[in-house]
Amino acid sequence: MGINMLKPQTRSTIITYAIVIVAFVAVTLLDAMGLISHSLSGQLVPICAYVSLAVSLNLVVGVSGELSLGHAGFMSVGAFTGVVVAGCLTRFGIESELVLFVLSAVVGAAAAGIIGFLVGIPVMRLRGDYLAIVTLAFGEIIKNLLNILYVGVDDAGLHFSMRDSGSLGMSQGTILINGPKGAVGIDKISTFALGIVLVLITVAVVLNLMHSRDGRAIMAVRDNRIAAESIGINVTKYRLMAFTVASALAGAAGVLYAMNYSTVVPSQFDFNQSILILVYVVLGGMGNISGSIVSAAFLTVLPEVLRPINQYRMLLYAIVLILVMVVPHLKVYQRAAESLRRRFRKDSPEPAVAAEGGEADE
Amino acid sequence: MSKFTDFAQRRRESTKMVPVPSVSIMPERDLGKAPALECLHLGIDFGGLKAVDDFNITVGRTEICGLIGPNGAGKTTVFNLLTKVYAPTRGTIMVDGQDTAGLDPARVNRLGVARTFQNIRLFNTLTVEENVAVGLHNQHHCGMATSILRLPHHWKSEKLYHERALELLDIFDMAGLADHEAGSLPYGAQRRLEIVRALATNPKLLLLDEPAAGMNPSETAELMENIVKIRDRFQIAIMLIEHDMNLVMNICEGICVLNFGKIIAKGTPEEIQRNDAVIEAYLGKQKEVEA
């Protein structure tokens with residue numbers, strides 16, 4: 001049975017998983033043969049983290065159709081929660097790195113999900129540009145709150161402070177989060193394999209959600225809000241659901257990201273970071289999960305490959321973004337895409353004529 | 001065309017209308033039962049403009065009721081009030097005996113009101129089948145966690161949605177189009193899909209906003225047949241806005257004429273055709289011929 005005989009939906013799902021698994025096998029093989037440079041192998045975990053972030057943001061931007069500019073905020077909530085959880089567990093004698101990572105990721109995802117839910121309640125009253133601006137603001141608020149957060153752990157348990165590390169009131173013990181200096185002395189327990197597992201989980205959650213009762217409702221709200229309401233769909237609930245799930249997944253990716261470095265600081269998770277993730281989604285195509293995976297991996301590797309012009313990275317992103325917006329409108333591109341599409345779907349007949357006439361909607 | 005005229009003729013003879021206009025136009029068979037829809041002194045103001053005022057209507061459980069009137073009379077506004085897209089300024093709307101005060105459009109739908117739109121509003125990037133499956137949303141539940149974990153209940157639900165959606169699409173012989181993108185369908189098929197999607201929510205009252213707009217005479221004839229078929233099969237009330245008088249006069253048992261937001265006449269098709277106020281609203285006042 002050829003892959004063309006499957007439903008388009010099933011086919012794209014299989015292709016998406018295949019991309020991740022093939023990439024994993026290829027990289028592992030190349031690594032074993034010693035063909036991957038040191039700087040590139042250091043990028044493997046961040047690539048996985050960014051792929052997860054792009055896929056989860058695609059759930060909000062592509063599937064739910066809301067422009068969110070605060071994704072890095074939820075990533076940081078996950079990252080710092082994960083650091084605290086890992087720090088506590090280490091203190092209380094858990095040494096298995098796998099257990100540490102899994103527990104940190106789960107708690108980090110839960111924390112980011114809860115924050116996402118709470119942020120989502122006011123944000124989901126808005127639409128379009130207003131929503132984008134408010135998510136941006138919440139992202140910055142989260143960053144600034146983390147900037148003044150001090151967390152330490154000693155035998156008595158966890159200590160929190162919003163003033164300085166001295167007011168934690170610990171004589172001995174470890175400071176886990178030290179305000180603007182961020183989290184220091186993190187165990188580097190993220191591995192490429194864990195990253196790939198997280199990517200697969202993220203992809204599975206997003207795809208399974210998309211192709212289900214709730215996912216259809218989310219996409220229906222995106223396509224036509226008024227019609228969705230008219231058939232009894234609770235619009236706010238489904239927008240909030242997409243936002244919360246995406247936040248939780250971003251939190252888990254944040255844990256993966258943080259556990260790859262010995263230090264993470266809150267200022268890393270700023271507006272630029274959110275925009276970076278958005279670029280991956282836009283480049284890969286809104287609602288296109290495999291596109292997000294490829295573009296996130298590609299754009300994370302690109303600066304490494306083009307190390308000499310690394311300082312022009314943001315310029316490059318701007319150019320890529322502009323090209324992505326301009327190119328699909330070029331006649332040459334449209335013709336090429338059309339002929340490609342025809343070649344691939346020779347057997348499936350195009351549905352009759354496109355909607356003729358009809359009043360313009362809105 | 002004559003086939004349908006005869007059909008409608010027979011209908012009218014079998015269901016005697018209440019003869020008094022502007023009181024009730026409910027067919028006899030629905031008289032003893034709670035009406036599908038009851039509006040009392042319904043009205044809405046846009047600024048100083050009374051877009052709809054003192055709108056009273058009772059629609060029987062299996063009645064096909066027409067809402068007609070010149071352009072800008074407020075017909076679609078009435079539909080928007082009934083579905084709570086607009087919150088009424090005055091009056092009450094009872095659906096199946098329940099007051100809809102304070103409900104949002106989604107809740108009103110769950111009470112049993114489904115509608116189509118004058119400007120087609122489909123979920124264009126979803127397939128035809130998915131459009132209907134979304135309509136089935138509240139008919140069968142399957143939680144988010146169940147779907148994400150792909151538990152057995154998810155697969156059972158998907159199978160159920162699939163079967164039910166195809167069954168509903170079959171009403172309009174559209175099962176063959178199930179996998180096409182809704183936005184790529186021809187105009188007439190999009191209108192039919194909207195009706196199927198509305199039916200999927202298992203309504204007690206179906207509101208059709210210009211279902212025959214843009215259709216040619218043979219498509220319209222088919223649509224008329226289907227509207228009656230839907231009523232007979234699902235035993236629901238249907239209220240429709242339509243400018244095609246052939247359709248309205250042939251399948252509606254009761255007609256309500258709106259002008260400047262007010263009901264100017266109610267009655268059977270025959271009564272409406274003879275009504276002076278209606279003729280005046282459509283054609284203008286006849287000038288007094290000076291002797």
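Visitor: Before we look at two helices of chain A, over which range do angles between axes run, and between which directions are they taken?
Guide: Axes here are lines fitted to C-alpha atoms, for helices over the stretch in contact. Angles between N-to-C directions then run from 0 to 180 degrees.

Visitor: In this predicted model, are α7(A) and α10(A) roughly parallel or antiparallel?
Guide: The axes of helix α7, residues 192-210 of chain A, and helix α10, residues 235-258 of chain A, come within 10 Å and cross at roughly 175°. Angles over 145 degrees count as roughly antiparallel. The crossing angle therefore makes α7(A) and α10(A) roughly antiparallel.

Visitor: Which class of residue is absent where α7(A) and α10(A) touch?
Guide: On the α7(A) side the contact includes A:Leu194, A:Leu198 and A:Val205, while α10(A) brings residues including A:Val245, A:Leu249 and A:Leu256. By class, this contact has 9 nonpolar and 2 polar residues, and the class with none is charged.

Visitor: Which element gives the most residues to the side of chain A that touches chain B?
Guide: In the contact between the chains, 31 residues of chain A meet 42 residues of chain B. The elements of chain A that give two or more residues to this side are α7, α8 (213-223) and α9 (225-230). The element that gives the most, with 7 residues, is α8(A).

Visitor: Over which residues of chain B does pLDDT stay under 50?
Guide: Chain B averages a pLDDT of 87, and 89% of its residues score at least 70. The stretch where pLDDT stays under 50, for which the model has 27 contacts beyond four places in sequence, is residues 1-23 of chain B.

Note on methods:
Residues are numbered from 1 along each chain as its sequence is written. Chains are lettered from A and ligands numbered from 1 in the order in which they are written. This is a predicted model: local features need pLDDT of at least 70, side-chain atom pairs count only at pLDDT 80 or more; totals for chains, interfaces and linings use all residues. pLDDT is the predictor's confidence in each residue, from 0 to 100. Two residues are in contact if their C-beta atoms, placed from the backbone, lie within 7 Å. Helices (H or I, at least four residues) and strands (E, at least two) are DSSP runs, numbered from the N terminus. Angles under 35 degrees count as roughly parallel, over 145 as roughly antiparallel, 65 to 115 as roughly perpendicular and the rest as oblique. Ala, Val, Leu, Ile, Met, Phe, Trp, Tyr, Cys and Pro count as nonpolar, Asp, Glu, Lys and Arg as charged, and the others, Gly among them, as polar.
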